[in-house]
Amino acid sequence: YQRTIWIAGTAVVLLILLGFCIYYYERHRRVVLMIDQEKKHVKEVTFIAEHDELTSLYNRRGGKRIIAKAISSHRPGYLCILDIDLFKHVNDTFGHDVGDKVLKAVAEQLASLKDQVAVRLGGDEFCSYCTAKITDEEYRKRISKFFEAIKAIRIPEMGDEQISVSMGAIYYDGKQSESFDNLFREADQRLYKSKQTKGCHLTL
């Protein structure tokens with residue numbers, strides 16, 4: 001009889017302990033799940049805050065943060081500013097829906113370039129920071145291929161009308177302290193020079 005009582009008591013204690021284990025396991029699992037969901041939510045919010053809705057490239061805020069961090073870390077690279085030639089004409093002639101298609105097509109080609117951060121600054125203006133270890137001549141060749149890809153874009157509503165872009169770029173060698181804003185102004189001056197030439201053109 002005492003043996004039966006001992007076995008029954010032990011079983012009750014074990015069941016209680018098992019119940020506590022299950023309770024705390026479930027509680028821990030729910031906490032971990034909540035943390036994972038919160039991390040996912042923060043990641044989604046951060047992505048939305050730092051990316052352009054139309055093109056999925058970094059927006060001005062996100063792109064500047066990433067590029068400025070690379071520059072402050074003395075990471076060499078080519079800072080380039082690009083805008084689409086006669087983009088107002090596209091919007092005025094074919095409508096803003098077609099203008100959006102042009103923006104997305106240009107963004108897709110810009111994003112396809114390797115070793116770089118691609119950014120839509122706003123409107124038809126983009127920028128990129130290329131960190132590939134290449135010479136000026138190699139960079140020019142890379143941009144020439146990019147220009148060919150841009151010229152090959154066809155938007156049905158635009159018929160045979162070609163898209164062209166202008167680019168201004170400056171190389172930062174990483175040897176001295178520099179700021180994003182200063183390099184951006186230098187690249188912007190070169191973009192202005194490129195705009196004086198008809199068709200796809202790079203001033204480096």
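**Figure 1. Salt bridges across the chain.** This predicted model holds nine salt bridges. The chain carries 31 positive and 28 negative charges. The mean positions of the two sets lie 7 Å apart. Three of the bridges, E50–R65, K195–D85 and E157–K101, are shown in the views that follow.

**Figure 2. E50 and R65, a link between α1 and α2.** The side chains of E50 and R65 form a salt bridge, with N and O 2.7 Å apart. E50 belongs to helix α1 (residues 2–50) and R65 to helix α2 (residues 60–72), so the bridge joins parts 15 residues apart in sequence. E50 is buried, at 9% relative accessible area. R65 is partly exposed, at 42%.

**Figure 3. K195 and D85, a link between two loops.** The closest N and O atoms of K195 and D85 are 3.2 Å apart, in a salt bridge. K195 sits in the loop between α6 (180–194) and β5 (201–203), and D85 in the loop between β1 (77–84) and α3 (87–94), so the pair ties together parts 110 residues apart in sequence. K195 is partly exposed, with a relative accessible area of 35%. D85 is buried, at 13%. The pair also belongs to a network: salt bridges link D83, D85 and K195.

**Figure 4. E157 and K101, a link between a loop and a helix.** E157 and K101 form a salt bridge whose closest N and O atoms are 2.5 Å apart. E157 lies in the loop between α5 (136–151) and β4 (165–172), while K101 lies in helix α4 (residues 96–112), so parts 56 residues apart in sequence are tied together. Both ends of the bridge are partly exposed: E157 has a relative accessible area of 39%, and K101 has 37%.

**Figure 5. The chain around these sites.** Six helices and five strands make up the secondary structure. Their order along the sequence is α-α-β-α-α-β-β-α-β-α-β. The radius of gyration is 28 Å, well over the 17 Å that the globule rule gives for 204 residues, so the chain is more spread out than a compact globule. Along the principal axes, the C-alpha atoms fill a box of roughly 105 × 45 × 25 Å. Of the 204 residues, 36% count as buried. The accessible surface is about 13,200 Å², and carbon and sulfur atoms account for 56% of that area. Among contacts with a separation of 6 or more, 68% join residues 24 or more positions apart.

Technical notes. Residues are numbered from 1 along each chain as its sequence is written. This is a predicted model: local features need pLDDT of at least 70, side-chain atom pairs count only at pLDDT 80 or more; totals for chains, interfaces and linings use all residues. Side-chain values use heavy atoms; hydrogens and water are left out. Helices (H or I, at least four residues) and strands (E, at least two) are DSSP runs, numbered from the N terminus. The radius of gyration is taken over C-alpha atoms; the globule rule is 2.2 Å times the number of residues to the power 0.38. Buried means under 20% relative accessible area, exposed over 50%, partly exposed in between (1.4 Å probe, protein chains only). Contact means heavy atoms within 4.5 Å. Accessible areas come from the Shrake-Rupley method with a 1.4 Å probe; for residues, only the protein chains shown count as cover. Lys and Arg count as positive and Asp and Glu as negative; His and the chain ends are not counted. The place of a charge is taken as NZ of Lys, CZ of Arg, CG of Asp or CD of Glu. A salt bridge is a side-chain nitrogen of Lys or Arg within 4 Å of a carboxyl oxygen of Asp or Glu.
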